[in-house]
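Here's a quick tour of one model, starting with a pocket and moving on to a sheet. Have a look at the structure first.

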Amino acid sequence: MLPPESSLAITLHLSRQGRVERVEIGSDRLVRASDGLTGRKPEQVLAFLPTLYSLCGTAQGLAGLRAVETAAGIDAPPAQRMARHALGLAESLTEHAASVFRDWPALLGEAPDLAAVKPLRPLITAMRKALYPDGDWARPGGGRLAPDHHALDEILRRFEDTLNRLLSGPPEERLDEYSDFRAWVAHGGSPASRLLRRLDDQDMAGFGHCPPCLMPELGPHDLEERLGADGDGAYRARPDCHGRVFETGPLASHQTHPLVVALMAEHGCGLSSRFAARLVDMATSLRELEELVQDLCADSGGLAIARADGTGLGLVDAARGLLAHWVELREGVLSGYRILAPTEWNFHPEGPLAQGLLGAWGPDLEAKARLLAASLDPCVPFRIEVRGHA
């Protein structure tokens, strides 16, 4: 089994003038942990891969599934691809909502809304069961897909209720028009609106802005090649593309959404843009999920593996950004398995967190840095230390 997830240590080094002159990001994340998945049959790995991660287990399973099917020459039918995408959307909705109810109040100095968080994670299990009653959704070639539309409609209703509670109203009345968004931020009573209002009131909406370097939709053009050659884990620890370190996540995914465009024009890729992009991701995910569910149909699955040797890359736009799995098959056994998570991009020593903190100054630097780190939403705990000039 893979070792447990770890943590990040973020240290701000100040100049004599009190400005951040260097950002040190230490990580004890074991980026080569997936090497331990080699030597097994792909079916075995995919069956327990989603259970190894406390966050985004579905996305991990889907990325692994896509990589294995590519390596094995399996072309999953459209019905399977639609159902899998629905599972990914449901998990992203759940992850974002849990973060807003649990973590955003803490940024306001308040207690988390654990009562709102508790019913969320069971929705992922319910979604899997409503689509794949035999539990074989991560089976190469497709599991037995038998959508239970009554159960799916109930899950959608619960997601809609969650967003309405989180936004104190329907998403289309909060996020579609910039004027509606501004009115909600100014007068809303939910933790989300109050956090965004505090950023405005304390002139921090643009804090963390840096020249945007946003992840391309399909990832870096050299991603498969770099992962395939990354035997020592150096690339997975500090990924780049010709020296560029991309920001991945909702801001990159929704950079053309009208609300995100308006906020970036006003505040750059600062705090308000990044937090609002998370809300936009939830709203667009729900709309897409509602459309997908209407068209889901049954499929028997069970496509056979076409070849025993090959390599494959699987990409999933997970809640926190682009998740990549690369696999190598030799004689039907996994001889290579590499995972690159969004956190390694966003918390790269030259990534968006570090770039956004360079030059920062003034009181409450630790609190501001915590807000910026939370807006990028790492998948592990983090701690922040501010050190004066030596």
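Five elements each supply at least two residues of the lining of the largest pocket; helices (H or I, at least four residues) and strands (E, at least two) are DSSP runs, numbered from the N terminus.

| Element | Residues |
|---|---|
| α2 | 57-72 |
| α3 | 78-102 |
| α12 | 250-253 |
| α14 | 271-295 |
| β3 | 310-318 |

Keep in mind that this is a predicted model: local features need pLDDT of at least 70, side-chain atom pairs count only at pLDDT 80 or more, and totals for chains, interfaces and linings use all residues. Residues are numbered from 1 along each chain as its sequence is written, and side-chain values use heavy atoms, with hydrogens and water left out.

The biggest share of that lining, six residues, is from α3. In total 30 residues line the pocket, with H85, E217, S253, V316 and D317 nearest its centre. By type, the lining has 12 nonpolar, 11 polar and seven charged residues.

Now the sheet. β3, β4 and β5 line up in that order as an open, antiparallel sheet (two strands pair if DSSP finds at least two bridges between them). β3 and β5 (333-340) are the edge strands, each pairing on one side only. Seven bridges join β4 (residues 321-330) to β5, and R330 sits opposite V333 in β5. Helix α2 packs on this sheet, touching β3, β4 and β5 (contact means heavy atoms within 4.5 Å). So α2 turns up twice: against the sheet and in the pocket lining.

Definitions and conventions:
On a 1 Å grid over the protein atoms alone, a cavity is a set of points where a 1.4 Å probe fits but cannot get out, and a pocket is an open set with protein on both sides within 12 Å along at least five of seven lines; lining residues have an atom within 4 Å of a point. Ala, Val, Leu, Ile, Met, Phe, Trp, Tyr, Cys and Pro count as nonpolar, Asp, Glu, Lys and Arg as charged, and the others, Gly among them, as polar. Axes are lines fitted to C-alpha atoms, for helices over the stretch in contact, and angles run from 0 to 180 degrees between N-to-C directions.
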